[in-house]
Amino acid sequence: MKETVEELIQEAILELNEQMEEDRKVSYSEDLKLIGVNAALESISFVTLIAILEDLISDRLGKNIIIVNDRAFSQERSPFRSVGSLAEYVTGLLLETE
Amino acid sequence: MNIDFIENILEDCKENHAVITPEKAYTYEDINQKLKDCLRYLDEHGVDAGSVTGISADYSAEAIALLLALIKRDCIIVPISKTLRNSERLIEIAQCESVFDCDTAIETVAEAKENGNAAIRFHTTGVKAGHKMLLGLKNRGVPGLILFSSGTTGEPKAALHDLSRLLEKFKRPGKSLKTISFLLFDHIGGFNTLLHTISHGGTIVTTPSRMPEAVCAAIEKEKIELLPTTPTFLTMVLLNKLYERYDLSCLKMITYGTESMPEHTLKLLSAILPHTTFKQTYGLSEVGILSTKSEDSGSLWMKVGGEGYETKVVSEVLFIRAESAMTGYLNAPSPFDEEGWFDTKDRVERKDGYLKILGRTTDLINVGGEKVYPIEIESVLLQLDGVLDARVYGEKNPIMGNTVAAEVLVAPDNNNTDFIKALRNHCGEHLEKFKRPVRFFLTESILCGERLKKKR
């Protein structure tokens, strides 16, 4: 499952890049910092990335999940600190719905 | 009140058509006869000056005659459209003492009586109107009008007008075009259209349905000159290419109002109907209809004001002070400040004495502190091939406070994720980041309410 999620995140980043200025485009890596100080994305782009990812998950896996929820904020370490932690967190959400 | 200015027209324009319904055409003489019938009918039922009286009706010769009779008798009139579901509640809020229910199918009160069938049904509600504003009008011996403001949340607010003031402007001579009834007369725009037409000897044409197809068919058949309508209706005319199926070139003028017009839609329309003047209207239940002058047919810039109206702009918001403003709300605190200014809650941009309405302050989407007006985004979405219509609104977001969401009307072929990708890229090219919709919802059904106005 985690691999599928990683692929979908990769695809979501590519889709997001299509609407970004050249110098703002991001490249996929597990360590890519998504939100917070020195993050690769501005908050509006992060929010858009998450929406694209949710659409992809709904389209490919037939599951409707909300990624940015209260739980995401109450975790000690933000699940959005990197692409790797996002993949883990989303995999967890998907497994719960099975 | 003295309605000589209308009664003279009823006499002078005897032969002219006043109302053309799908079944029959009525001349001004017919209306005059019906007015006399109605006045008698009011006497018989003890409807006196100051009575608060509901008229449940759609446009018909009877309803128009009854309206005139009630004005002449100094009653307080509560027009209620037949299409409303909450009419009972409105009758209660307005403290209606009696209600007339007009059946459009039947000829005259007299004929109906003979047939033992009531064209106009009448009942008393048992209520004694005690609101001090209602009593105030009654004591002054002037007719009143109660219109409900179309709030999206909470209970509708009942705006009470002194009709003697609201009618003042119709006494001025003017010309009237052959007009199709579109906005109902429980709406300030519809009321204005009706009174303007009748007090200048014009013709009102009614249609069996307000659906664009039926309206366009009537425009062609009756050679309509003036179409007062909404941007949503015009969008539907464009979508369904109704201008190819019906000859709309008879239209001298199209007036649009009640909601924001996407610039792109206006440009397309004025190219399709080059001989038609497009004019934006501006009015509110609380202050009446202002005079407007569009910069040109394809422009959203307009001058707003006219005799009896003052305007000012404070922090981008339009304020109006009007001689013909309502007396007040029956069921809400006064919205006027101490100097009588009314906050329209419409945000505007200014340029050389012209104004452009950006949208309702309440429709404004605050994306992480940045302001987004739905109309601007809708206009950009409409430029993409395959987008038939769009509705943009704010969605709560735990990170940004709000984000922009768009519901987009597409043909079945485009109802897929690839099209959403195309939409994202299109917005990426034309809009700043915070203005781009984060979420898109594709739909194949229309995006408006029964008054052909976008739901916000």
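In chain B, strand 3 (residues 52-57) runs parallel to strand 5 (residues 98-102), and four bridges hold the pairing, with B:T53 standing opposite B:S98 of strand 5. Strands here are DSSP runs of E with at least two residues, helices are runs of H or I with at least four residues, both numbered from the N terminus, and two strands pair if DSSP finds at least two bridges between them. The model is a predicted one, in which local features need pLDDT of at least 70 and side-chain atom pairs count only at pLDDT 80 or more, whereas totals for chains, interfaces and linings use all residues. Residues are numbered from 1 along each chain as its sequence is written, chains are lettered from A in the order in which they are written, and side-chain values use heavy atoms, with hydrogens and water left out.

Strands 3 and 5 of chain B belong to an open sheet of seven strands in the order 6-5-3-4-7-8-19, whose pairing is mixed. At its edges stand strand 6 (120-124) and strand 19 (328-329) of chain B, each with a single partner strand, so one side of each has no neighbour in the sheet.

Further along chain B, strand 11 (residues 226-229) and strand 12 (residues 253-256) run parallel and are joined by four bridges, B:T229 standing opposite B:Y256. Strand 12 of chain B also pairs in the parallel sense with strand 13 (residues 277-280) of chain B, again over four bridges, and there B:Y256 stands opposite B:Q280. Between strands 12 and 13 the chain passes through helix 12 (residues 263-272) of chain B in a right-handed β-α-β crossover, a term that applies if, with the strands pointing away from the viewer, the path from the first strand over the helix to the second runs clockwise.

Turning to the interface, 17 residues of chain B are in contact (heavy atoms within 4.5 Å) with 21 residues of chain A. The buried area, that is, the accessible area (1.4 Å probe) lost on putting the two parts together, summed over both, is about 1700 Å², of which carbon and sulfur atoms give 58%. B:I399, B:R424 and B:K433 supply 38% of the area that chain B buries against chain A, more than any other three residues.

Five salt bridges (a side-chain nitrogen of Lys or Arg within 4 Å of a carboxyl oxygen of Asp or Glu) are counted between the chains, and the side chains of A:E54 and B:R439 meet in a salt bridge at 2.4 Å, N to O. Helix 14 (residues 417-430) of chain B gives the largest share of the side of chain B that touches chain A, six residues.
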